[in-house]
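Me: I am new to this structure and would like a close look at one part of it, the loop where a histidine sits between two paired strands. Please take me through that part slowly, and then show me what else there is to see around the chain.

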Amino acid sequence: MASSGKYLVRSAAIRFRRRLRESEAAFIVLALLAGLAAGILTNAQQFLAHGIQHFFYGVTINRLSALGSIHHPWRLLALPIGGLLLVFMARWLHRRRRTLIDVVEANALHGGRLPLSDSLIIAGQTIVSNGAGASVGLEAAYAQMGGGIASALGQWFKLRRADLRTLTGAGAGAAVGAAFGAPLAGAFYAFEIVIGTYTPAAIAPVVTAALSAVFVTRLLGVEPYLIATTADRVLHTPDYLVYAALGLVCAFMGIVVMRLVTAMELVVQAWTRIGVWRPVIGGLLLMPIAWLSPQALSAGHGALHLNLLLHPPIMFLLTVLALKIAASVISLSFGFRGGLFFASLFLGSLVGQIFAGVGNMLFPGLAIDSNDAALVGMAAFSVSVVGGPMTLAMLMLETTHDFALMGVVLTASLISSAVTREAFGYSFSTWRLHVRGSIVRSPRDISWVVDLHAGRIMRKDWVSIADDSTIAAFRAAIPLGSASKAVLVDREGRYRGIVPTALVYRSDLALDGLVSSVATLVDTTLHPETGIQEMLALFDRLGVDEMVVVDAAHHVVGVVTERHARRRYFEKLESAQRDIFGET
């Protein structure tokens, strides 16, 4: 009886999963559940991080960065203490044989498969970092947990690859939407930052997840992230030109911050003896910065609101901007976990207010509104760092409820995005993956490209001949018409070039001459791990039909032809497009 009961339960589960995979309505319901879970997890993480800040710094209603000063310097010991906790966590994680998977990396390389354990670890590290006061935002934890729980649901229901990627992105976007009380921003975050493409089939589940997550935030009575703006503004053509210039400035500043983080990270990682204590050292370095200005602490939400309300002088804003950049660079390069999304909003507001102040001093006739410039700067700077111009445009719209400002916000954001892509090519998350050795440049699914390496598509039926053979020996061993080319190898089997058969049968060649004299591509080889895109680029540049694959000892292990490589590439490309967009 017990075995028959288990069989019935298993059969019912299989039928339910099949129904879920076949029904769009059932998939939307699953996205709804993922969104609700993401909303709960986002608010729980906020509660934990703010609880840690209350314990260390005594903050209650106000945000940590809105404190006027740190009255008791000993409270700043929270920074190295938080670093010490991260050291203990890192020592525990050292036993793991693989690196943690980021939600963007999961969707780009692993078909949306994101281990929930990885999400829990990243969320824990981020909460500790933010709670201790490091200059990082919680968005990494929000997106990671939202995407992680959605991925776990999708894997349990055995969703197809494309559906699992959509659900993982929906969960991550829902979590970010819940943090801001902005469902449209959350939906566009899913499309632009995590999924990497818009498809009609994905709109309903992604938006459903975002709406349900924001519903949880409002049900819990959490105040949305609203920003007061001026009303009844009229924007003219010169205003668009001014804010386009602000977009350029923000793109430049965003690239500078990302470069600084990486440069400092490379320096710190070179420390061998004290490298394990990096977070503690970083916490000690952050203490004087936080003492000079508490606005450099945490993500900067409270400071952002405070500065918009008080309109401080330019020198104060410049000082805070320098301290905040220094705090962010130190926090991320010394091992604190978190993101730059929320911090980039604050940095953008500072750049915008400074831009307005300097512009009004140099050109009084412009009359740039400081609040408007701060909001435009928030969007443009964040687009440079995070990517996703529509995400930031929707965020500004939903947090300000100001439709009149959207034109200049989009103008600055699109310019910032285009300049950053052209001059830099990465968002902050994909840049850090690139520095770590990943080929991810966007959240689009490129796992099929990774699979197409030379070792997988090479042929192993090549014809070889010794490099000390004569022309006569070559002709005797390889008659004309039997093989188009021969691979030249030395006595130890190491590669020495490719010899076209027709070339050896030229009448002007001496029969006692060495065949190595007509070898081609002597210094050009592929390795088994060479990717398909690099292979195709080499074929285009060299104009050859075949290339040899060699191992670490330079022994020949295979041959790749241009025709076969291109056919496999386009077959995989068409398969991936069908997976994303469906049959046409």
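Reply: A residue counts as buried when its relative accessible area is under 20%, as exposed when that value is over 50%, and as partly exposed in between. With 28% relative accessibility, His554 therefore counts as partly exposed. Please keep in mind that this is a predicted model, so what follows describes computed features of that model.

His554 lies in the loop that links S4 to S5. The two strands form a hairpin with five residues between them, and within it His554 takes a positive phi near 70 degrees. That sign deserves attention, for most residues other than glycine have a negative phi. His554 has its positive value although it is not a glycine.

The strands on either side of this loop run antiparallel, and five bridges join strand S4, residues 546–550, to S5. One of the pairings can be followed by name, with Val550 having Val556 of S5 as its bridge partner. In general, strands of a sheet pair through backbone hydrogen bonds, either parallel or antiparallel. The loop residue and the second strand can be set side by side: His554 is partly exposed, whereas five of the six residues of S5, residues 556–561, are buried, so that this strand is largely enclosed by the rest of the structure.

From the hairpin we can turn to the other strands of the chain, which has 24 helices and five strands. Three strands make up an open sheet of mixed pairing, in the order S1-S2-S3. Strand S1 (464–466) and strand S3 (495–500) stand at its edges with a single partner strand each, so one side of each is left without a neighbour in the sheet. On average, neighbouring strands of this sheet are turned by 35 degrees against each other, direction ignored. S1 and strand S2, residues 485–489, run parallel and are joined by three bridges, and Ala466 stands opposite Val489 of S2. Four of the five residues of S2 are buried, so S2 is largely enclosed by the rest of the structure.

What lies in the interior? In soluble globular proteins, nonpolar side chains tend to be buried together. Here the largest nonpolar core has 119 residues, of which Tyr57, Phe180, Phe341, Leu345, Leu395 and Met396 touch the most other members. Apart from this core lies another, of 23 residues, which includes Ile498, Leu521, Leu526 and Val559. Leaving aside residues up to four places away in sequence, Leu345 touches Phe180, Leu304, Met378, Ser382, Leu392, Leu395 and Met396. Across the whole chain of 584 residues, buried ones make up 53%.

Val351, which has its place in helix H14, residues 341–362, gives another view of a buried position, with a relative accessible area of 6%. Its contacts, again not counting residues up to four places away in sequence, are Leu246, Val249, Cys250, Met253, Leu321 and Phe381. Contacts between distant parts of the sequence can also be looked at for the chain as a whole: among those between residues at least 6 apart in sequence, 74% join residues at least 24 apart.

Two helices show how such packing is arranged. The axes of helix H2 (residues 24–57) and helix H5 (residues 116–132) come within 8 Å and cross at roughly 35 degrees, and this crossing is right-handed. H2 contributes Gln45, Leu48, Ala49, Ile52, Gln53, Phe56 and Tyr57 to the contact, while H5 contributes Ala123, Ile127, Asn130, Gly131 and Ala132. These residues divide into eight nonpolar, four polar and no charged.

Finally, there is a second histidine to set beside the one you asked about. His311 also has a positive phi, of about 50 degrees, although it is not a glycine. His311 is placed in the loop between helix H12 (301–310) and H13, and at 42% relative accessibility it counts as partly exposed. Helix H13, residues 314–333, holds Thr319, which is partly exposed at 40% relative accessibility.

Terms used:
Residues are numbered from 1 along each chain as its sequence is written. This is a predicted model: local features need pLDDT of at least 70, side-chain atom pairs count only at pLDDT 80 or more; totals for chains, interfaces and linings use all residues. Side-chain values use heavy atoms; hydrogens and water are left out. Buried means under 20% relative accessible area, exposed over 50%, partly exposed in between (1.4 Å probe, protein chains only). Two strands pair if DSSP finds at least two bridges between them. A nonpolar core is a set of buried Ala, Val, Leu, Ile, Met, Phe, Trp, Tyr and Cys residues joined through side-chain atoms within 4.5 Å. Contact means heavy atoms within 4.5 Å. Axes are lines fitted to C-alpha atoms, for helices over the stretch in contact, and angles run from 0 to 180 degrees between N-to-C directions. A crossing is left-handed if the near helix is turned anticlockwise from the far one by less than a right angle, and right-handed if clockwise. Ala, Val, Leu, Ile, Met, Phe, Trp, Tyr, Cys and Pro count as nonpolar, Asp, Glu, Lys and Arg as charged, and the others, Gly among them, as polar.
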